[in-house]
Amino acid sequence: MSERLSVRKTYKLFIGGAFPRSESGRTVIVNDAKGKFLANAARASRKDVRDAVVAARKAQAGWAGRTGYNRGQILYRVAEMLEGRRGQFVEELRGAGLGKTAAAAEVDAAIDRWVWYAGWADKIAQVTGSANPVSGPFFNFSTPEPTGVVGVVAPDSPLLGLVSVIAPVIATGNTAVVVASEPAPLPAITLAEVLATSDVPGGVVNLLTGHRAELAPWLASHQDVNAIDLAGAPDDLAADCARAAADNLKRVHRPAADDWTADPGTARMTAFLETKTVWHPVGV
């Protein structure tokens, strides 16, 4: 019997719930930690960034209009499907250089982190909202609302870090355009496959692979992006993106070095919420 020919996979982008090739036709080679070929991945372009923002904007109102409870149900379903692909994620993290035990631990932590944010989806409004005391016959309420479309430069923690920056964005009703880890994009692409076959509406998460230095500045300067998380941007790129984001007064989340294994708290959820205050006469 002749030796079987390996079928090499070419991974695509994830935009609007579909998997298009880059409009440029470019690809990048993905190697493992030892330099061995793993796969080809699409190399996104400036046009792909624009298409992803259009898809995110189209999906944002409908996603924000869902109840927090419903968003939590949908996120929990994603966690169930992540659990079902646990073995694949472990192998991809091993390809990125982690040992078997460390890779398994990171996958478990990423699933738990996703469940944690799913649980927050219908609680963050109660924690961050308030009934404000005022002088006069009025009720005064402050309630959180999603910022809108959030650009995310994902960190090089290819699964736990990725989950830790995507889940808080969408749990609070925003939509996301994500630039995946450059050296280890495969867990992000597999996550996109999970999202595509879950209940998450198309366009809520859009995932681009390629070169951060090429994609992040266009995402930061895009006039229809409302906020950007620079978790995975090195200092020089983060500074350039922060300046570009000032053109339309984007919210910029530029944290210090993150420990992705630590308790995440609520900081990333509240970073992309706006506060709406409403007055209402008493007795009306």
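**Buried and exposed sites around the helices of a predicted model**

Asp 229 is buried, with a relative accessible area of 0%. The structure described here is a predicted model, and this aspartate makes a good place to start a tour of it. Asp 229 belongs to strand 9, which covers residues 227-229. Setting aside residues up to four places away in sequence, Asp 229 touches Gly 151, Val 152, Val 153 and Val 165, as well as His 253, Pro 255, Arg 268 and Phe 272.

Strand 9 also takes part in the surroundings of helix 9, whose buried residues pack against helix 8, strand 9 and strand 10 (251-253). The residues of helix 9 that are buried are Leu 237, Ala 238, Ala 239, Cys 241, Ala 244 and Ala 245. The pairing with helix 8 can be followed in some detail. Helix 8 (residues 212-221) and helix 9 (residues 235-245) pack with their axes 7 Å apart, at an angle of about 25 degrees. Because angles under 35 degrees count as roughly parallel, helix 8 is described as roughly parallel to helix 9. The crossing of the two helices is right-handed. On the helix 8 side, the contact is made by Arg 212, Ala 213, Ala 216, Pro 217, Ala 220 and Ser 221; on the helix 9 side, Leu 237, Cys 241, Ala 244 and Ala 245 meet them. By class, this contact comprises 8 nonpolar, 1 polar and 1 charged residues.

Just beyond this helix pair, His 222 lies in the loop between helix 8 and strand 9. Neighbours within four places in sequence aside, His 222 is in contact with Arg 50, Val 53, Asn 248 and Lys 250. Its C-alpha atom is 21 Å from that of Gly 62, with the two positions 160 residues apart in sequence numbering.

Attention now turns to the nonpolar cores. The largest nonpolar core has 55 residues, and those with the most contacts inside it are Leu 82, Trp 114, Ile 166, Ile 170, Val 178 and Leu 195. Ile 170 gives a closer view: beyond its neighbours within four places in sequence, Ile 170 is in contact with Trp 63, Arg 71, Leu 75, Trp 114, Ala 176, Val 204 and Val 205. A second, separate core of 27 residues includes Leu 13, Ala 220, Cys 241 and Ala 244. Among these, Ala 220 in helix 8 and both Cys 241 and Ala 244 in helix 9 also belong to the helix contact described above.

Helix 3 (residues 86-95) offers another set of buried positions, namely Phe 89, Val 90, Glu 92, Leu 93 and Gly 95. What do the buried residues of helix 3 pack against? Their partners are strand 1 (10-11), strand 3 (37-42), helix 2 (68-84), helix 4 and helix 7 (186-196). After helix 3 comes Gly 97, whose phi is positive, near 115 degrees.

Two of these partner helices also carry exposed residues. Tyr 69 is found in helix 2 and counts as exposed, at 52% relative accessibility. The C-alpha atoms of Tyr 69 and Val 107 are separated by 25 Å, the two residues being 38 apart along the chain. Thr 101 has its place in helix 4 (residues 100-120) and is likewise exposed, with a relative accessible area of 67%. Between Thr 101 and Ser 181, which are 80 residues apart in sequence, the C-alpha to C-alpha distance is 22 Å.

Note on methods:
Residues numbered from 1 in each chain as written. Predicted model: local features only at pLDDT ≥ 70, side-chain atom pairs only at ≥ 80, totals over all residues. Heavy atoms only, no water. Axes fitted to C-alpha atoms, helices over the stretch in contact; angles between N-to-C directions. Helix = DSSP H or I, 4+ residues; strand = E, 2+ residues; numbered from the N terminus. Parallel < 35°, antiparallel > 145°, perpendicular 65-115°, else oblique. Left-handed = near helix turned anticlockwise from the far one by under 90°. Contact = heavy atoms within 4.5 Å. Nonpolar A, V, L, I, M, F, W, Y, C, P; charged D, E, K, R; others polar. Core = buried A, V, L, I, M, F, W, Y, C linked by side-chain atoms within 4.5 Å. Buried < 20%, exposed > 50% of the residue type's maximum accessible area, 1.4 Å probe, protein only.
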